[in-house]
There are 2 protein chains.
Amino acid sequence: MQDAQQQRIRLPELRNRITSAEHAASWIEDGMTIGMSGFTRAGDAKVVPLAIAERARAEQLKITLMTGASLGSDIDKTLTEAGAMSRRMPFQADPTLRAAINRGEVMYVDQHLSETVEQLRTRQINAIDIAIIEAVAITETGAIIPTTSVGNSASFAILADQVIVEINMTQSMELEGLHDIFIPKHRPQREPIPLMSAHDRIGTTAIMIPPEKIVAIVITQKEDSASTILPPDAETAQIAAHLVDFFKEEVRDGRLTNHLMPMQAGIGTIANAVMSGFIDSPFEHLTMYSEVLQDSTFDLFDAGKLDFASGSSITLSAEKSKAVLSDIGKYKDRLVLRPQEVSNHPEVIRRLGIIAINTALEVDIYGNVNSTHVLGTHMMNGIGGSGDFARNAYLSVFATKSTAKHGKISSIVPMVTHVDHSEHDVDIIVTEVGLADLRGLAPRERAQKIIHHCVPAPYRQMLLDYLSEAETRGGQTPHVLEKAFSWHTRYRETGSMLEETAVLKAVA
Amino acid sequence: MQDAQQQRIRLPELRNRITSAEHAASWIEDGMTIGMSGFTRAGDAKVVPLAIAERARAEQLKITLMTGASLGSDIDKTLTEAGAMSRRMPFQADPTLRAAINRGEVMYVDQHLSETVEQLRTRQINAIDIAIIEAVAITETGAIIPTTSVGNSASFAILADQVIVEINMTQSMELEGLHDIFIPKHRPQREPIPLMSAHDRIGTTAIMIPPEKIVAIVITQKEDSASTILPPDAETAQIAAHLVDFFKEEVRDGRLTNHLMPMQAGIGTIANAVMSGFIDSPFEHLTMYSEVLQDSTFDLFDAGKLDFASGSSITLSAEKSKAVLSDIGKYKDRLVLRPQEVSNHPEVIRRLGIIAINTALEVDIYGNVNSTHVLGTHMMNGIGGSGDFARNAYLSVFATKSTAKHGKISSIVPMVTHVDHSEHDVDIIVTEVGLADLRGLAPRERAQKIIHHCVPAPYRQMLLDYLSEAETRGGQTPHVLEKAFSWHTRYRETGSMLEETAVLKAVA
């Protein structure tokens with residue numbers, strides 16, 4: 001064990017910083033801003049955060065918590081329950097924290113994932129006091145080798161006054177060399193990000209910081225929390241099939257080659273299912289330039305469809321995790337993990353010409369997308385990287401099942417109750433019903449396409465009726481304002497968006 | 001005259017292409033897509049479009065018209081009245097065309113200004129059949145020297161099958177050398193845009209095309225339409241003063257230097273007034289990296305405040321135009337005009353760290369911005385470049401007067417009826433009442449700041465009442481959906497957003 005630790009902490013002078021999670025947590029003071037590793041449940045610091053929660057149960061200890069994205073290991077839950085969480089950014093996906101956010105108890109700053117460290121670097125938001133970073137190892141020079149995510153870890157460690165490192169002994173040493181840490185310079189010295197292809201390496205394999213900033217090292221044995229995504233079902237398979245058909249047409253029409261363009265897929269069941277749909281497609285030599293690499297990424301590798309995948313984290317199901325992480329060497333020359341500032345950078349996304357596939361919570365007839373707010377008010381997770389990608393993509397796709405709650409909610413509504421992506425940033429809407437190609441269309445034309453291609457009965461007719469009435473009032477984007485949210489208020493009152501007449505027809 | 005024309009058409013073999021506007025217009029066929037020069041009334045083709053309209057009065061001739069941005073010379077008006085306009089993109093600002101758009105007669109595709117040529121280049125929208133470009137001159141090699149705007153002219157000319165050039169004899173030959181034409185390569189050969197500072201020159205001074213593509217040359221004598229912006233008034237001066245105070249604090253706090261960062265200012269009266277506010281400010285050696293350069297740009301030059309201005313067009317009032325354009329040599333080493341794809345490119349905006357100042361039509365309590373749609377339905381002008389800048393800026397400012405129509409419309413409402421810029425892209429809201437700094441705040445905090453800093457009585461109390469009721473329903477972004485647009489429906493019914501009780505109080 002002592003030997004194993006020495007292999008993991010290669011700078012001898014740092015070995016005396018090894019301490020308990022409880023002692024490491026004693027560095028945190030009330031009111032501090034803490035930057036933690038972790039992106040979509042991958043590579044999060046796992047024991048010091050829980051020790052902070054433990055302290056917060058006994059004393060006044062409230063922190064602002066910044067991460068890469070969502071955490072696993074019940075960290076958001078435990079910190080929230082302990083009353084330690086006063087402010088959270090830029091993303092979360094925990095039910096307990098979500099409830100506290102929606103009660104107004106935790107101030108949640110939902111941000112584009114590429115932006116947080118830009119705002120930190122320019123001191124436009126509170127500075128990071130302490131960074132807590134999970135690592136595979138610390139190098140001979142004191143540089144930190146991250147585990148299964150990079151996220152914002154590099155900039156957090158660089159910008160923080162002090163750094164606590166969690167060395168995770170369960171993470172394979174083979175992960176070393178997987179990461180590519182590139183940090184843009186401060187302006188006005190900022191130069192182009194020299195990344196011309198998903199597989200380019202432009203940085204270092206570890207996070208370079210002065211080793212004296214590392215104030216504590218904690219040894220851990222806890223694995224990443226497994227992904228919670230569901231396997232593809234009939235509807236997600238239909239969504240994938242519609243998209244594959246669309247891309248076949250694009251290739252036939254000469255707009256894309258059989259390799260398509262580098263692809264991004266959002267986190268979650270639908271995006272994962274869509275990517276799985278490419279396994280049995282005619283496309284080959286695919287590449288991914290994405291945020292989170294999910295099960296489907298490795299299925300595509302194994303199917304010989306995918307040449308390279310760039311991401312900011314690897315988040316897998318329990319089963320896939322065993323197969324992949326224990327044998328990561330097999331994939332290592334086809335993988336790179338980057339800071340989310342680089343994986344999600346508008347500059348790179350625009351240059352590479354990404355096909356961005358993200359999930360919508362709600363879409364309206366003009367193609368505006370709500371990714372975040374249930375009924376316009378209650379936060380689900382957050383915008384994540386969808387805005388970074390959708391705005392700058394070669395092609396911006398939003399996928400959703402056409403209904404939810406056994407048909408009582410239509411995902412396509414007259415007007416979305418919250419806009420994360422305006423119609424300007426949405427090229428394709430796809431549901432299990434079909435696909436609407438909105439490129440080059442005006443709003444009234446978009447409405448016809450979306451309603452006829454993506455919406456099932458009886459909602460289709462309800463939307464056509466709404467549109468007809470709206471058009472009598474005129475406008476570039478016709479609406480009947482006093483009825484625009486009537487579906488949502490009806491759902492709130494009756495438990496269904498369906499009109500009574502539509503329900504009767506459906507029953508008859 | 002013949003000599004003057006020879007100076008302007010330096011490739012002798014092109015001189016026999018000189019023809020009348022009527023004859024040039026005969027190249028246009030029904031159903032064609034035409035790309036015309038012109039950006040914010042500057043540098044538009046002025047006589048061939050009117051000849052197209054003339055033809056359309058006598059025969060079936062409908063076109064899709066793409067430009068840089070808005071046109072002058074009543075071109076949009078005349079083409080609309082003649083029934084020649086079937087589809088228009090990516091921006092317009094003409095009352096007659098606007099009315100036709102809002103009646104659903106013209107399909108208007110309102111786009112981010114940086115995107116149109118990306119979509120053309122990848123053939124995701126209809127190809128340009130003929131480009132009609134205003135020029136100062138044609139060079140010895142047949143390259144086109146634009147006049148007062150670059151806009152999309154270069155890519156239109158490069159991508160079109162045929163090009164018609166209007167040589168404008170009233171535009172000074174001194175404009176030669178002002179332009180910097182850089183065209184990104186097709187993907188996957190795309191490289192970084194090598195622009196590291198607003199003053200960098202990275203391209204050619206003329207649009208390089210095979211001269212045989214030039215099928216007609218028309219000689220014109222019409223000047224650009226003058227800018228229609230109004231001079232600063234008491235309220236816009238207050239808006240400017242609040243912003244200057246804010247920047248003073250940023251300098252004091254060490255986040256900015258006295259040179260600030262490169263600035264972008266949207267088109268129009270408010271943005272122009274805000275920039276004029278910097279004349280009597282303590283800031284110096286300012287730079288602009290913007291779209292349209294307005295009167296205030298040259299006032300700032302003359303005041304010794306501005307070192308350099310990069311734009312895509314120069315649009316001036318009649319008076320300023322005389323002074324500046326007749327003596328453009330005086331400013332030439334401090335000016336550059338670029339393709340709008342470069343002036344508005346996310347990559348460059350993010351790299352340079354732009355302070356973006358744009359105008360809002362309507363803002364909601366959470367800082368979502370409507371830039372385009374009156375009462376959520378009727379198009380005003382279009383999103384223009386505001387999305388390119390706001391999303392990628394170092395700091396994104398939206399300015400508006402707090403009320404319109406003599407107080408009967410509040411510019412700050414419970415929920416905007418159309419979202420062009422989501423709260424994620426809005427850092428600062430400023431009205432004549434004051435400035436709300438929203439950086440690092442959650443929606444509930446943003447609402448308090450906006451209501452207390454930007455809204456006058458009696459709307460302030462009305463918004464606080466709405467927010468209180470909304471908060472009882474909970475959520476990250478509390479709303480009362482059935483009342484969210486009640487101010488708009490009240491305006492529609494009564495001609496005022498004020499509640500009767502508020503009106504009575506105001507009268508008492």
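The following conversation goes through a predicted model of two chains, A and B.

Q: How many helices and strands are there in chain A?
A: Chain A contains 18 helices and 25 strands. Its radius of gyration is 23 Å, close to the 23 Å that the globule rule gives for 508 residues, so chain A is as compact as a globular protein of that length.

Q: And what does the C-alpha trace span along its principal axes?
A: For chain A the spans are about 75 × 50 × 45 Å.

Q: Which residues does the UniProt domain annotation cover?
A: The unreviewed UniProt entry places "domain: Acetyl-CoA hydrolase/transferase N-terminal" on residues 15–218 of chain A. That span is 22% helix and 19% strand, and its end C-alpha atoms lie 10 Å apart.

Q: Turning to the interface, how many residues does the contact take from each chain?
A: Chain A gives 78 residues and chain B gives 78 residues. The area buried between the two chains is about 6,600 Å², with carbon and sulfur atoms giving 50% of that area.

Q: Which residues in chain A lose the most area to chain B?
A: They are Arg350(A), Arg391(A) and His424(A), which together account for 13% of what that side buries.

Q: How many salt bridges and polar contacts cross between the chains?
A: The rule finds 6 salt bridges across the interface of chain A and chain B. One salt bridge joins Arg87(B) to Glu445(A), with the closest N and O atoms 2.5 Å apart. There are also 44 residue pairs in polar contact across this interface, both residues being at pLDDT 80 or more.

Q: Which elements of chain A supply at least two residues to that side?
A: Among them are helix 5 (95–102), helix 6 (116–121), helix 14 (386–392), helix 15 (443–454) and helix 17 (486–494), along with strand 4 (107–108) and strand 19 (378–379). Helix 13 (346–352) is also one of these elements, and helix 13 gives the most, with 5 residues.

Q: What is the make-up of that side by class?
A: The side of chain A that touches chain B has 25 nonpolar, 28 polar and 25 charged residues.

Q: A different topic: which residues does the "binding site" annotation cover?
A: According to the unreviewed UniProt entry, the annotation covers Asn381(A), Gly385(A) and Lys405(A). These residues are spread over 25 residues of sequence and are also spread in space, up to 26.2 Å between C-alpha atoms.

Q: Where is Gly385(A)?
A: Gly385(A) is in the loop between strand 19 and helix 14 of chain A.

Q: Back to salt bridges: what is the count over all chains?
A: The count comes to 72 salt bridges over all chains. One of them pairs Arg10(A) with Glu140(A), the closest N and O atoms being 3.7 Å apart.

Q: Why does that pair tie together separate parts of chain A?
A: Arg10(A) sits in the loop between helix 1 (2–8) and helix 2 (21–25), while Glu140(A) sits in the loop between strand 5 (130–138) and strand 6 (144–146), so the pair links parts that are 130 residues apart in sequence.

Q: Which peptide bond in chain A is cis?
A: The bond from Ala457(A) to Pro458(A) is cis, with omega near -5 degrees. Pro458(A) lies in the loop between helix 15 and helix 16 (459–473).

Q: What about chain B?
A: The bond from Arg187(B) to Pro188(B) is cis, with omega near 5 degrees. Pro188(B) is in the loop between strand 7 (162–168) and strand 8 (214–220) of chain B.

Q: Finally, what is the phi of Arg123(A)?
A: Arg123(A) has a positive phi of about 55 degrees although it is not a glycine. Arg123(A) lies in the loop between helix 6 and strand 5 of chain A.

Technical notes: Residues are numbered from 1 along each chain as its sequence is written. Chains are lettered from A and ligands numbered from 1 in the order in which they are written. This is a predicted model: local features need pLDDT of at least 70, side-chain atom pairs count only at pLDDT 80 or more; totals for chains, interfaces and linings use all residues. Side-chain values use heavy atoms; hydrogens and water are left out. UniProt positions are given in the numbering used here, feature names are shortened, and annotations may be inferred rather than shown by experiment. Helices (H or I, at least four residues) and strands (E, at least two) are DSSP runs, numbered from the N terminus. Contact means heavy atoms within 4.5 Å. Buried area is the accessible area (1.4 Å probe) that two parts lose on being put together, summed over both. A salt bridge is a side-chain nitrogen of Lys or Arg within 4 Å of a carboxyl oxygen of Asp or Glu. A polar contact is a pair of N or O atoms within 3.5 Å; within protein, one must be able to donate a hydrogen and the other to accept it, and residues adjacent in sequence count only if both atoms are side-chain atoms. Ala, Val, Leu, Ile, Met, Phe, Trp, Tyr, Cys and Pro count as nonpolar, Asp, Glu, Lys and Arg as charged, and the others, Gly among them, as polar. The radius of gyration is taken over C-alpha atoms; the globule rule is 2.2 Å times the number of residues to the power 0.38.
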